[in-house]
Structures are given as structure tokens and as C-alpha cells.
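Here is a short briefing on one protein chain. It covers record annotations, overall figures and charged side-chain pairs.

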Amino acid sequence: MARFLTNPLTRMNVKQQIILLFIVMVSPILLLQWYGSSKAEQILKNHVTNAYAELNKQNIALLNRDIDTVTKITTTIIQNPLTQQLIPSDKDTVFERVQEYAKLDKLIAGYSIAVNGGEAVYYSLYVYDPRNYYSFAPKQPMTQTGVYFFQDRDKPAWFDEAVAKKGEGYMKLICTNVGFSAQTTLAYIRAVSNISDYGVIGVLVAAKMDKKIQESLQSVSLPDGQIYFTDSANRVLAATASGAIGSALRLPPEAAALKAGKDGMINLITPAFIYVINDNRLLQQKLVYKIPVDSLLQQQNELKRVIQLISVVYVLFGIIVMLYFWQSLMNPLTRLAHFVRGFEPGRRVPETPGKGRKDEVGQLISALYDMARRLNVLIHYKYQSEIKEKEAQLQLLYQQINPHLLYNTLESIYWKSSLEGNSESAEMIKELSKLMKISLSRGRELIALAEETEHARAYVSLQTMRYEYGFAVVWQVPEELHDNLIPKITLQPLIENAIIHGVRRMGEDGEIRIAARLADGESVEIRVEDNGYKKVDFDALHRLLNEEKGDPSIGYGIRNLHQRIRLHFGPRYGIRYEKREEGGTAAIILLPRTVREPARGGTVKEDICHGRE
């Protein structure tokens with residue numbers, strides 16, 4: 001679990017960590033600047049769109065007012081007696097026809113005068129005259145207003161359509177001749193019905209409606225935008241852009257998928273344009289505002305560039321500050337790391353650099369250089385200590401000459417006693433020599449369980465021969481555990497306690513059992529049991545083994561043995577006492593499963609299969 005909680009920054013060097021820190025500090029500012037600009041741009045677009053939607057509603061109301069004005073004028077012209085009396089017939093004389101034509105032409109021309117200097121709407125009346133009763137009147141429009149009579153070959157294309165609408169006015173792009181030039185214009189067309197017999201007198205046309213509507217559209221100021229007045233098929237009827245009349249206005253495909261509100265408004269924001277559309281389904285007309293986003297956001301883009309410039313200056317300033325601190329912090333740390341990597345214990349330590357620094361970096365450099373000097377002092381001290389230790393070992397070897405001499409002398413006495421027939425004395429001398437041999441163990445602290453068992457057997461044999469004890473000793477040590485390591489002279493003190501405090505006075509009824517087994521695959525358990533009848537204070541034994549200061553009245557033999565085992569193998573192992581179910585006492589030794597392996601150079605080393613805890 002600790003491996004997964006390791007700080008990932010520890011896998012990076014300090015330079016990379018500082019660069020990462022700088023990126024982490026700068027990135028939120030850049031992201032915030034980008035998010036703020038985009039959010040402000042979106043809010044501005046929405047506010048502008050809503051404002052132009054309201055303006056569009058007012059503009060459409062102004063257009064409706066102009067159309068209503070034209071509708072009222074056409075109604076006035078239609079209802080005028082001069083218009084109602086203009087019916088081609090052979091009953092009237094030519095003079096009467098000329099008078100009627102002149103009066104009506106003058107009437108219509110009077111309505112075609114511009115008001116307050118604005119654009120004028122020119123009215124024309126087209127009368128169907130199949131018998132050519134008004135041959136004196138012009139057949140083709142020579143001026144922008146007037147009364148024109150036509151026959152079948154000169155019938156305008158829109159005449160029958162207007163008659164079919166039965167007096168309902170509508171707007172349409174028509175081609176009309178003014179003199180000898182053809183012009184496309186937006187006209188308001190309405191059939192003129194005879195009030196008396198509901199017949200059709202002709203068609204009244206209000207031309208130049210595109211100019212009138214364009215005049216109203218130009219009263220709205222859009223930043224580099226265009227206004228289009230179209231029919232339901234997006235054909236431009238009037239526009240602020242020149243040359244757009246009659247062309248098809250291309251709207252984004254998503255505009256067709258949007259549903260207009262109750263007021264007929266459709267708002268659409270694209271990356272390039274903002275569209276504000278008023279769709280009048282009843283009149284099949286649209287008023288479209290097309291505003292370029294770039295021109296709308298020009299001031300905001302200037303502000304954005306200023307913010308970006310400030311951000312760039314901030315980043316550059318941050319880089320300069322980082323380089324300054326890099327020079328102040330990283331260079332000394334880099335030199336310090338180079339010193340640490342190249343330092344060899346015992347080498348002369350140079351003078352501490354940067355002694356004048358009072359910050360943590362200076363303290364760290366001073367501490368490491370001082371530590372290196374102290375390490376050199378400790379190495380010199382250790383070298384002197386090793387020399388003294390070698391001298392002590394030589395003295396110890398000299399002192400061991402006497403035990404070895406005694407061991408060899410005992411061997412000689414054993415052979416001499418055997419040759420002279422003193423077998424019992426010879427056996428005691430032999431067992432005593434075993435004790436001497438195993439106690440020396442060539443200076444080793446840990447020996448094989450087989451050697452320790454042999455030592456314990458020799459001790460038991462000497463005790464039985466010396467005191468003529470009658471108790472039984474049972475050995476149950478499996479052969480597969482003979483190679484397990486154990487501190488030397490471990491079993492002998494426990495067996496001695498079992499004899500003295502357990503079975504010494506029981507004669508043949510006494511029994512001591514030494515058994516070993518593999519406990520859990522990782523530990524070896526050795527039990528030294530006796531069937532003694534004396535009462536044992538197990539609580540006192542527990543305190544003696546585990547408390548910091550034991551009871552001196554009980555003795556320190558087993559306490560020292562317990563501490564020796566723990567020093568070798570760890571606090572999990574040691575000795576404990578417990579009561580046997582059959583009666584008596586059991587001393588239990590817990591050891592790790594360890595063996596001794598041959599080391600390089602012919603020496604022997606210990607292999608602890610399971611480390612200390």
C-alpha cells in the first residue's frame with residue numbers, strides 16, 4: 001500500500017519539479033484568461049442578439065406602417081369615382097375618354113410625390129382595353145407613374161395573378177419599363193374591382209416599394225451588417241446591400257431547423273455571423289439582420305489583445321523570476337549534489353562554499369560538509385577500533401590455547417584409562433571432553449541442532465554417572481531439523497533446571513523429554529518437558545523473561561538465554577514456560593527455520609530463511 005502512496009514528484013529531479021511548478025502556476029491564469037474571454041464573447045453575443053431582436057420588431061412595425069400607408073392610398077385610388085368610371089366602352093366619345101384619362105393620370109401622379117424628402121412610391125394603373133378604345137394613351141410605361149392600357153399581346157405577366165387574388169394586395173418583384181430601359185422593382189399589386197358590377201377594371205401597381213422599404217431599413221444602424229427583406233422562399237425583395245434585389249439569400253442550414261417563437265423571432269449565432277430573423281408566416285415575409293461577428297467584437301478583441309499582452313508579460317516576468325531563483329537555489333544545490341555523488345569516505349573535505357548564506361540552502365550545505373568531516377573522523381576512529389579489536393582477538397586466541405590444551409589432555413587420559421580397563425572413568429572423561437569441544441565451537445555463537453543435542457546428551461550422561469540418577473531421558477529430534485541453527489549451550493541450562501527442580505528426587509518415575517518439530521513452516525519449536533510434581537510459579541517466570549528488570553531471586557540463567565535468542569533472531573522468538581496437561585513443566589524454545597550454508601572461500605555462513613521481525 002505504501003508503494004502506491006509514494007509521492008510521484010520524487011521520481012523527478014528538482015529542476016523538473018520547479019518547471020512543473022511554474023507550469024502549474026501559469027496554466028490556471030492562461031486558462032482563466034481564455035475562459036473569461038470566450039465567456040465574455042458569448043455573453044456579448046447573446047446581449048447583442050437580444051437587443052437586435054427588439055430592434056427587428058420595431059423595424060418590422062415601421063415596414064408594416066409603410067405597407068399600410070400604401071394599402072390605404074391604393075384603396076383611396078380604387079374607391080375614387082374617376083377610377084370607377086374608367087371602363088373601356090364605345091358609349092363614351094373620344095373627347096370624354098381623353099378627359100377621363102387625363103383626370104385619372106393627374107390623380108395618380110399626385111399620389112406619387114415624395115413626402116418630406118423621402119423615397120416616393122410610384123403608382124400606375126394598368127387597364128385591359130381589348131378593343132383599343134384608348135388608342136391615344138401610351139401602351140408602354142414611359143414614366144414611373146401613369147395610366148396604361150394594354151391588349152392581349154401586351155398583357156403583363158402578373159396581371160392574371162393579381163385578378164385571381166380578387167382585390168387582395170400583395171408584394172412581388174416585377175420587371176417594368178421606364179422609357180426604353182427595363183428595371184426590376186418591388187411592387188405592391190392590387191386588382192381594381194368595379195363596385196357596381198364587381199367586375200375588374202384593371203390592376204393598380206405601387207412601384208419602387210424596394211426603395212421605400214430600403215429607406216426604412218437604413219434607419220437602423222448595424223456595425224458592417226446587412227438587412228434583408230425577403231419572401232418565404234428567401235428571395236430578396238429589399239435590402240440595404242446594393243444589387244441584392246431578386247437574388248436568393250443564403251441562410252445557415254440550422255436556421256431552417258429552428259422553430260420561431262410566438263413573436264416570429266429566430267435568433268442564430270454562428271462563428272461568422274449573427275442572424276436575427278422575423279418570420280411572418282401570415283404575410284410570407286421575412287426581415288433578416290445579418291451582423292458579422294468580427295465587426296461586433298472588434299472592441300472586445302482589442303481588449304482581449306491587451307489581456308493577452310499582459311499575460312505574456314506576466315509569463316516572461318515569471319520566467320525571469322524563476323531563472324533568478326534557479327541561479328540562487330539550483331546552482332548551489334547542483335554543486336552540492338555533485339559533491340555528495342563524488343564524495344568518498346576518508347577523502348579530504350574542501351572548505352564549505354557559501355558560508356555567508358543564512359537561508360535553509362546555506363544551512364543544508366554547511367550541515368552536509370560538516371557531516372562529511374565527522375564521517376571522516378568516525379572512519380579514522382573505526383580504523384583504530386578495528387586495530388584494537390584485532391589485537392583483542394589475538395589475545396583471545398592466546399587465551400584459548402589453555403582450553404584446547406585441557407581438551408587434548410582429557411583425550412589422552414581417556415585413551416589411557418580405556419587401555420587400563422577403567423571404562424567408567426574413561427566414559428566420564430569422554431563426555432567431559434565433548435562438553436569442552438562443543439563449548440569452544442571454534443568461536444561460533446550459532447551451531448547446528450545436532451551439535452547442541454550432542455552437547456546436551458554429554459551433559460545428561462555426566463549427571464547420571466555422577467549422581468546415579470534413575471530418571472529417564474527421551475530424545476525426539478527429527479533428522480530433518482539437525483541442520484537448524486541454535487545458540488550454543490541452550491538445551492543444557494533447561495535440562496539442568498528440569499533435573500534440579502523437577503525429577504531429581506523421583507527416581508525411576510522421573511522423565512525428561514526433549515522434542516523438536518517444525519511449527520508452521522517458518523519456525524522450529526523445541527520442548528524440554530519434565531513430569532515433576534513441584535508447584536511452579538509461571539507468572540514469576542513470565543515476568544522474569546519479559547519484564548525490563550527481572551526478579552533476581554529466581555535467577556538470570558534462563559533470562560540471559562531468552563535474551564540471547566532474541567538478539568540473534570528477533571523479538572518474535574525466545575523461551576516461554578507452560579504447565580503440562582499430564583503434570584509437570586514444559587520449557588518451549590521458538591527458533592526460526594535457519595540453516596548454515598557454505599560461503600565463498602571455503603568458509604561457512606548462516607542462511608536465515610525468514611528474517612527478523
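UniProt, in an unreviewed entry, places the feature "transmembrane region" at residues 18-36 and 306-326. The model shown is predicted. In that model, residues 306-326 are 100% helix and 0% strand. The end C-alpha atoms of this segment lie 30 Å apart.

**Overall figures**

- The secondary structure comprises 14 helices and 19 strands.
- The protein has 613 residues, and 38% of them are buried.
- Take the contacts between residues at least 6 apart in sequence: 58% of these join residues at least 24 apart.
- The accessible surface is about 36,800 Å². Carbon and sulfur atoms account for 56% of that surface.

**Salt bridge within helix H1**

- The whole structure holds 17 salt bridges. One of them joins the side chains of Lys 57 and Glu 54, at 3.6 Å from N to O.
- Both partners sit in helix H1, which spans residues 14-79. Lys 57 and Glu 54 are three residues apart, about one turn of the helix.
- Lys 57 is partly exposed, at 29% relative accessibility. Glu 54 is also partly exposed, at 43%.

**Salt bridge between loops**

- Glu 522 pairs with Arg 572 in a salt bridge, with the closest N and O atoms 3.9 Å apart.
- This pair links distant parts of the chain, with the two positions 50 residues apart in numbering.
- Glu 522 lies in the loop between strand S14 (511-518) and strand S15 (523-530). Arg 572 lies in the loop between helix H14 (557-569) and strand S16 (574-579).
- Glu 522 has a relative accessible area of 34% and is partly exposed. Arg 572 counts as partly exposed too, at 30% relative accessibility.

**Salt-bridge network**

- The side chains of Glu 525 and Arg 527 form a salt bridge at 3.8 Å, N to O.
- Is Glu 525 buried or exposed? Glu 525 counts as buried because its relative accessibility is 8%, below the 20% cut-off.
- Salt bridges with shared partners connect Glu 525 and Arg 527 to further residues in one network. The other members are Arg 517, Glu 529, Arg 576, Glu 578, Arg 580 and Glu 582.
- Side chains of opposite charge can pair when their charged atoms come close.

Terms used: Residues are numbered from 1 along each chain as its sequence is written. This is a predicted model: local features need pLDDT of at least 70, side-chain atom pairs count only at pLDDT 80 or more; totals for chains, interfaces and linings use all residues. Side-chain values use heavy atoms; hydrogens and water are left out. UniProt positions are given in the numbering used here, feature names are shortened, and annotations may be inferred rather than shown by experiment. Helices (H or I, at least four residues) and strands (E, at least two) are DSSP runs, numbered from the N terminus. Buried means under 20% relative accessible area, exposed over 50%, partly exposed in between (1.4 Å probe, protein chains only). Contact means heavy atoms within 4.5 Å. Accessible areas come from the Shrake-Rupley method with a 1.4 Å probe; for residues, only the protein chains shown count as cover. A salt bridge is a side-chain nitrogen of Lys or Arg within 4 Å of a carboxyl oxygen of Asp or Glu.
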